[in-house]
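User: Please take a close look at the salt bridges in this model, and say where the paired side chains lie and whether they are buried or exposed.

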Amino acid sequence: MYFSTRQKAPNIILLTAAFVLVSLILWNTNSFFKKFKEEERLKMEIWATAQLELIQSPVDQELGNLTLKVLGNNTSTPMILVNEEGSIKSLNIPQEKQTDTAYLQEKIQEFKNENQPIEIIQGGELLETLYYGNSEVLNKLKYYPLALLLIIFLFGAVIFFFFRTNKASEQNKLWAGMAKETAHQIGTPLTSLLGWNELLKTEAINPDITIEIEKDIDRLQTITERFSKIGSTPELKPQDIVAETQKAYDYLKKRSSKLIDFSFKTDLDHLLVPLNVPLYNWSIENLVKNGIDAMKGKGSIALQIELKGNYVSILISDTGHGIPKSEHTNIFNPGVTTKKRGWGLGLSLVKRIIEEYHKGKIRVLTSNKGGTVMQILLKII
């Protein structure tokens, strides 16, 4: 628990810091947007004052430079002026739309929603009403927080997947190291067993005993070879998948309870598939053993091999209690198990052997209270 907490602490600190940083940026952006909007409002009020001066000035009187500069300097903010008679004049609106009454009316409603209209009044009489929208800069600034959030989200996703991949890589190295060490440790007593068995052959004992011991020693050698291959890229060679599958299946059949009914069915005599035989046989044995465990040592196990286009399909079915649909994907994750005693590594290893090493597919084809059917798909040569 101590190590788990220690590992999580930096992630929590990083997440909190990122949240605070994002909050500050969004708050600052929102404040800047409001300030910019207030300044634009002030600019439009100055423009409205200049417009009032223009209206009040006699036709023959020359306007001051300041008024003319204010009126002519605003080239970014879209505006619509409506006088007391309903006449409409627009500025900074696309030229082709300036005579489109329907379009201008829509813009007036849009501008009213964006900004409070400015009334140009003289002596208590309303002369004109100024409707204005947000400038192009303000509109871009309005969407800046969304763009920022998207960038931060993408950046966070990259960091998340980096740490996740890094963690998975470390776990894989740990399991590979443990597997190789296990293979190394098994090697010493295995060598001794070979010597003792040869010694037994010189004694006057039933030869069937030494033959069975040899089979178990071969089995231990196969297991050692499997563990030694974890973490390294296995070599795939064209092999007869029918013969290899039946060999692994028959080995378990001879060593399982008589209360289990085994059946093997296929219409194929032989079929070449790129295989690493020890690892593939390990996958078959794991799936069959899982089926036996699900049936609690009593029921039926069936294995069927058939062609599916460019793939060969291996179906392994049992009459066990089934797997909940919500767990069909999770059962392949390391540490997930439905057994009271188990490490939850069997199906995880099978998935890795089939999908990563053999470039095939494995899935729960069907599962209910009547049993489960697991499917392996491998590409044929």
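Analyst: What follows goes through salt bridges that lie within helices, pair by pair.

The model is predicted, and it holds six salt bridges, among them E45 with R41, E110 with K107 and E355 with K351. Side chains of opposite charge can pair when their charged atoms come close.

In helix α1, which covers residues 2–56, E45 and R41 stand four residues apart, about one turn of the helix, and their closest N and O atoms are 3.5 Å apart. E45 has a relative accessible area of 34%, so it counts as partly exposed, and R41, at 23%, is likewise partly exposed.

Helix α3, made up of residues 101–114, carries both E110 and K107, here three residues apart, which is again about one turn of the helix; the N to O distance in this salt bridge is 3.4 Å. The two partners fall into separate classes of accessibility, because buried means under 20% relative accessible area: K107, at 18%, is buried, whereas E110, at 34%, is partly exposed.

In helix α8, spanning residues 346–357, E355 and K351 are four residues apart, about one turn of the helix, and the closest N and O atoms of this pair lie 2.9 Å from each other. E355 is partly exposed, with a relative accessible area of 26%, and K351 is also partly exposed, its relative accessible area being 29%.

Technical notes
Residues numbered from 1 in each chain as written. Predicted model: local features only at pLDDT ≥ 70, side-chain atom pairs only at ≥ 80, totals over all residues. Heavy atoms only, no water. Salt bridge = Lys/Arg side-chain N within 4 Å of Asp/Glu carboxyl O. Helix = DSSP H or I, 4+ residues; strand = E, 2+ residues; numbered from the N terminus. Buried < 20%, exposed > 50% of the residue type's maximum accessible area, 1.4 Å probe, protein only.
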